[in-house]
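Here are my notes on this one, as promised. I kept them in numbered points so you can reply to each in turn.

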Amino acid sequence: MRPTLVAGLAAAMAAALATSPAWADKAAADRCAAKLPTEARSIYVASAPHLVPGADGRAVVTEQTRTLVLSGKVSHLTAAESAQAAANCLIMR
């Protein structure tokens, strides 16, 4: 992944996850994720198990997105947008 893409992705995750309320509603987050496009849903599924209390949400989503890009499951061209969409659901957890 290019450094500028990673920086942009990290900034997007920081903005989405920094404003998150206490993780409280897994069912609502899962319903939100069910409506996501395939790539964003993949990021959600990969990231959700790692978002435990005390976890750095931005780092989790960034790392999971990077892994999915490197494995070819998420396009590097749409990774930031997909990660942002996933983060919008993940903040409900």
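Which backbone atom lies 3.2 Å from a polar atom of the side chain of D56? I'll take that up in point 2, after the overall layout.

1. Overall layout. Bear in mind throughout that this is a predicted model. The chain has five helices and zero strands, so in sequence order the pattern reads α-α-α-α-α. Of its 93 residues, 40% count as buried. Among contacts with a separation of 6 or more, 76% are between residues 24 or more positions apart. Most of what follows is about α3, with some detail on the stretches that come after it.

2. The D56 loop. The atom in question is the backbone nitrogen of R58, which sits 3.2 Å from a side-chain polar atom of D56. D56 itself belongs to the loop between α3 and α4. Is D56 buried, exposed or partly exposed? Its relative accessibility is 42%, so D56 counts as partly exposed, because the partly exposed class runs between 20% and 50%.

3. What α3 buries. Helix α3 covers residues 38-47. Its buried residues are A40, I43, Y44, A46 and S47. As for what lies over them, the cover includes α2 (26-34), α4 (57-70) and α5. A general reminder may help when you look at that list: an α-helix has 3.6 residues a turn, so residues three or four places apart point the same way.

4. α3 against α4. The two axes come within 9 Å and cross at roughly 125°. That angle makes α3 oblique to α4, because it falls between the roughly perpendicular range, which ends at 115, and the roughly antiparallel one, which starts over 145. The crossing of α3 past α4 is right-handed. On the α3 side, S42, I43, A46 and S47 take part, and they meet V60, V61, Q64, T65 and L68 of α4. Sorted by class, that contact has five nonpolar and four polar residues, with no charged ones.

5. α3 against α5. Here the axes are 8 Å apart and the packing angle is about 55°. Again α3 comes out oblique, this time to α5. The handedness is right-handed for this crossing. From α3, the contact draws on E39, A40, I43, Y44 and S47, while α5 supplies A79, S82, A83, A85, A86, C89 and L90. By class this contact of α3 with α5 has nine nonpolar residues, two polar and one charged.

6. S47, worth a closer look. Which residues does S47 touch beyond its neighbours within four places in sequence? They are V60, V61, Q64 and L90. S47 lies in helix α3, and it appears both in the contact with α4 and in the contact with α5. Its relative accessibility is 0%, so S47 counts as buried. E63 is 16 residues away from S47 along the chain, and their C-alpha atoms are separated by 8.6 Å.

7. V69 and E39. V69 is part of helix α4. With 13% relative accessibility, V69 counts as buried. How far apart in space are V69 and E39? C-alpha to C-alpha the distance is 9.7 Å, although 30 residues separate V69 and E39 in sequence. E39 is also one of the α3 residues in the contact with α5.

8. R93, after the last helix in my list. R93 is found in the segment after α5 (79-90). Is R93 buried or exposed? The relative accessibility is 17%, so R93 counts as buried, because the cut-off for buried is under 20%. The R93 side chain makes a polar contact with the side chain of Y44, at 3.3 Å. Y44 is among the buried residues of α3 and also takes part in the contact with α5. When you open the model, I'd look at the R93 and Y44 side chains together.

Methods. Residues are numbered from 1 along each chain as its sequence is written. This is a predicted model: local features need pLDDT of at least 70, side-chain atom pairs count only at pLDDT 80 or more; totals for chains, interfaces and linings use all residues. Side-chain values use heavy atoms; hydrogens and water are left out. Helices (H or I, at least four residues) and strands (E, at least two) are DSSP runs, numbered from the N terminus. Buried means under 20% relative accessible area, exposed over 50%, partly exposed in between (1.4 Å probe, protein chains only). A polar contact is a pair of N or O atoms within 3.5 Å; within protein, one must be able to donate a hydrogen and the other to accept it, and residues adjacent in sequence count only if both atoms are side-chain atoms. Axes are lines fitted to C-alpha atoms, for helices over the stretch in contact, and angles run from 0 to 180 degrees between N-to-C directions. Angles under 35 degrees count as roughly parallel, over 145 as roughly antiparallel, 65 to 115 as roughly perpendicular and the rest as oblique. A crossing is left-handed if the near helix is turned anticlockwise from the far one by less than a right angle, and right-handed if clockwise. Contact means heavy atoms within 4.5 Å. Ala, Val, Leu, Ile, Met, Phe, Trp, Tyr, Cys and Pro count as nonpolar, Asp, Glu, Lys and Arg as charged, and the others, Gly among them, as polar.
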